[in-house]
Amino acid sequence: MKTKRLLLTVLLFFFNVFFIFAAQALQQLDKWQLYYHKNPSQVFELVDANVTADFENLSVGYWNHLLEEANLLPVDGLDYGCYRCLLTGLEPGKKYAILQKDSPKTSCAVYVNRQLLAQRGDPFQMLKAQEQQAKCSHSVIGPLSFEFYPDSEGRAEIIFFISNYFYRKSGLNDTVYFGPAEAFTNNNYITIYSLICGAMLFIGLLCLFQFIINHQRKEYFYLGITTLALALRIATNGLCLLTIIFPNLPAEIKFKIEYSAMWVVPVCVTQMLDLLYPAKKLRALKYAFISAELSLGLINISLPAYYSNRMISALQYTMIIVCAYVLVLSVINIFQKKRYSLYNFLSYLFVIIGAFIDVLISKGSGAFSVSLLPFFLIVFFVTQVFMFARIQNDIYIETVQTSSKLQRLNEAYLRFVPREFLKLLNKESVIKTGLGDYSNIEMCIMFSKMHIYCPAGHDSLEEHFQIFDQYLKRVSPLIKRHKGFVSKFLSGGFMALFPKSELDAVLAALEINECVEDFNTTLSAKNHKLQAWMGIHFGKMIIGTIGEENRLDDTVISDTVNTSSRLEGVCEKLGKTIIISQEVMDRLGETQTLPFETIRLQDVMVKGKEKPLQIYEVVEK
């Protein structure tokens with residue numbers, strides 16, 4: 001079983017890696033000219049005058065090392081320049097597109113054939129006078145994509161104007177993809193990243209909910225925070241998915257969110273490992289690592305972006321040290337044959353490899369053009385989930401047993417409190433119902449009473465009880481069949497609620513009347529006879545629980561209840577079986593065809609009403 005799970009994890013990782021490279025079926029632009037400290041207008045003039053660029057045949061990447069070699073250093077971190085690439089051999093009249101997962105730091109504008117087609121932030125603010133510039137106020141980073149047509153000769157001159165307001169590195173740092181416009185519609189890169197980020201957010205929230213449910217399982221808290229931090233890292237690094245929700249997300253905030261994973265994750269992973277495999281002898285070392293990470297993290301958040309992003313190297317090196325500590329401790333656990341240690345080792349190994357590749361990419365290494373961290377993280381979480389699933393196996397069994405007991409107890413309670421009543425209160429069970437819970441609702445209510453006619457000398461209470469019991473056993477299923485339920489069993493009758501439709505109540509009353517006639521045939525041998533009356537009304541009411549903490553009862557409070565009871569009394573007085581109110585009649589009028597007839601009766605005065613009620617008798621056709 002262990003081998004199968006590990007094999008599944010490895011296969012899942014390679015499937016994800018294949019999937020991401022399958023999405024990269026677009027051409028990469030990698031031959032650029034760099035005009036340093038030149039704005040687009042100046043570049044246009046230099047190109048027209050056939051003046052050579054400052055740097056030729058460049059691949060994407062930061063230009064800092066080029067400037068150092070040429071002794072051209074930016075002043076106070078403020079920097080700008082233009083990258084130019086000339087595409088030839090294109091098909092005139094055909095639509096092409098450009099995609100860049102992460103726009104250049106920290107703002108840019110893109111020209112095609114000297115027309116401005118895309119922009120992130122305000123790079124032109126850099127060209128204004130020094131006193132008009134405001135640091136870190138015009139920077140926006142996010143995915144960059146647009147469509148264009150080549151000129152009549154099949155050429156397209158692409159110019160990236162890049163301004164850097166505060167970041168420690170400058171240049172065209174991310175790959176620029178180019179191809180026919182229809183090829184971009186089939187590119188599932190954004191979809192894949194969105195699915196991964198969404199899955200990680202879901203897993204993170206699930207772990208936190210698990211911790212909220214059981215505070216003793218602190219490892220779920222740290223795993224949840226780790227997952228959310230890494231999900232935010234994916235949502236801001238490279239393909240900045242966060243800009244889908246916040247299109248003008250300032251780069252300063254984006255970087256602080258992105259780099260938070262570099263100190264949050266090592267702290268949480270260290271704590272999680274210590275919870276699973278306590279190592280008292282290494283506690284001092286662990287606390288030293290955590291203190292260093294937390295200190296750097298808090299400083300990184302507190303300082304302005306101009307200074308905080310220059311601390312990234314310190315965060316990276318500290319993270320590498322903590323990763324080494326975690327990996328070594330995991331290997332020691334394997335040699336000590338501790339349970340689930342192999343799961344831990346593999347999961348941490350994959351996430352450390354992914355983080356290492358991420359650091360290489362941030363350092364400008366050309367060995368990797370795509371961040372594999374999201375796909376290493378998938379393996380990390382899969383193995384962690386497998387491990388926690390095994391750890392919680394015994395807890396799960398105990399929970400199932402407890403749940404079974406609670407279910408039986410809840411079913412016993414439901415014999416006294418209707419399930420439908422709980423649904424109207426938006427409660428799943430009696431256990432979750434408290435004193436004073438209530439709900440406002442409009443629905444139909446039926447008040448019914450019955451009378452047993454017996455020969456003289458045959459009216460014992462025991463016999464009345466048995467007849468009433470048998471009658472209710474027949475009537476209750478009829479009410480349920482018509483989407484209602486009995487809320488109260490009264491002396492000689494009941495009160496039923498019909499949340500769905502007043503037509504259900506009337507049809508149920510007609511069927512109850514038929515049931516009474518059939519029931520009387522069984523009572524005829526004893527010369528007994530049963531008579532039932534039903535009053536039906538529609539209106540607003542409050543349903544809820546009343547009583548005290550140790551004794552609850554369900555109730556319905558409303559003038560609608562009183563009116564329904566009065567209508568039942570009118571039935572007895574007039575000798576009618578079923579009487580409905582004008583409110584019910586009005587709602588029935590919305591139904592085109594009715595399987596019964598209604599007869600208008602004389603208006604009646606009832607207790608508690610200032611005006612007479614308009615009432616109707618319901619009879620079968």
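This passage walks through the overall make-up of the chain, its aromatic pairs, two charge-over-ring arrangements and the surroundings of one serine.

The model is a predicted one, and its chain holds 19 helices and 20 strands. Of the 621 residues, 51% come out as buried. Contacts reach a long way along the sequence: counting those between residues at least 6 apart, 75% join residues at least 24 apart. As for the outside, the accessible surface adds up to about 31,200 Å², and carbon and sulfur atoms account for 57% of that.

Turning to the rings, the chain has 18 aromatic pairs. One of them brings together Trp32 and Tyr83, with ring centres 6.3 Å apart and planes at 85 degrees, so this pair is edge-to-face. Trp32 belongs to strand E2 (residues 32-36) while Tyr83 belongs to strand E5 (residues 79-87), so the pair ties together parts that sit 51 residues apart in sequence. Both Trp32 and Tyr83 are buried.

Another pair picks up Tyr36 and Trp63. Here the centres are 5.8 Å apart and the planes meet at 80 degrees, so Tyr36 and Trp63 are edge-to-face, planes over 60 degrees apart being counted that way. This pair, too, links distant parts of the chain, 27 residues apart: Tyr36 is in strand E2, and Trp63 is in the loop between strand E4 (61-62) and helix H3 (64-69). Tyr36 is buried, as is Trp63. These four residues do not stand alone, since ring pairs link Trp32, Tyr36, Trp63 and Tyr83 into a cluster that also takes in Phe160.

Rings also turn up beneath charged side chains. The charged end of Arg310 sits over the ring of Tyr306, at 4.1 Å from the ring centre. Arg587, in turn, lies over the face of Phe538, 4.0 Å from the centre of that ring.

What about Ser448? This residue is part of strand E13, which spans residues 438-453. Its relative accessibility is 1%, and buried means under 20%, so Ser448 counts as buried. The side chain of Ser448 reaches the backbone oxygen of Trp533 at 3.1 Å. Leaving aside residues up to four places away in sequence, Ser448 touches Tyr471, Gly492, Gly493, Phe494, Trp533, Met534 and Glu568. Trp533 thus appears twice around this serine, as a residue that Ser448 touches and as the owner of the backbone oxygen its side chain reaches.

Conventions
Residues numbered from 1 in each chain as written. Predicted model: local features only at pLDDT ≥ 70, side-chain atom pairs only at ≥ 80, totals over all residues. Heavy atoms only, no water. Helix = DSSP H or I, 4+ residues; strand = E, 2+ residues; numbered from the N terminus. Buried < 20%, exposed > 50% of the residue type's maximum accessible area, 1.4 Å probe, protein only. Contact = heavy atoms within 4.5 Å. Areas by Shrake-Rupley, 256 points an atom, 1.4 Å probe, with all protein chains shown as cover. Phe/Tyr/Trp six-rings, centres within 6.5 Å; stacked < 30°, edge-to-face > 60°. Lys NZ or Arg CZ within 6 Å of the ring centre and 35° of its normal. Polar contact = N/O pair within 3.5 Å; in protein donor to acceptor, adjacent residues only side chain to side chain.
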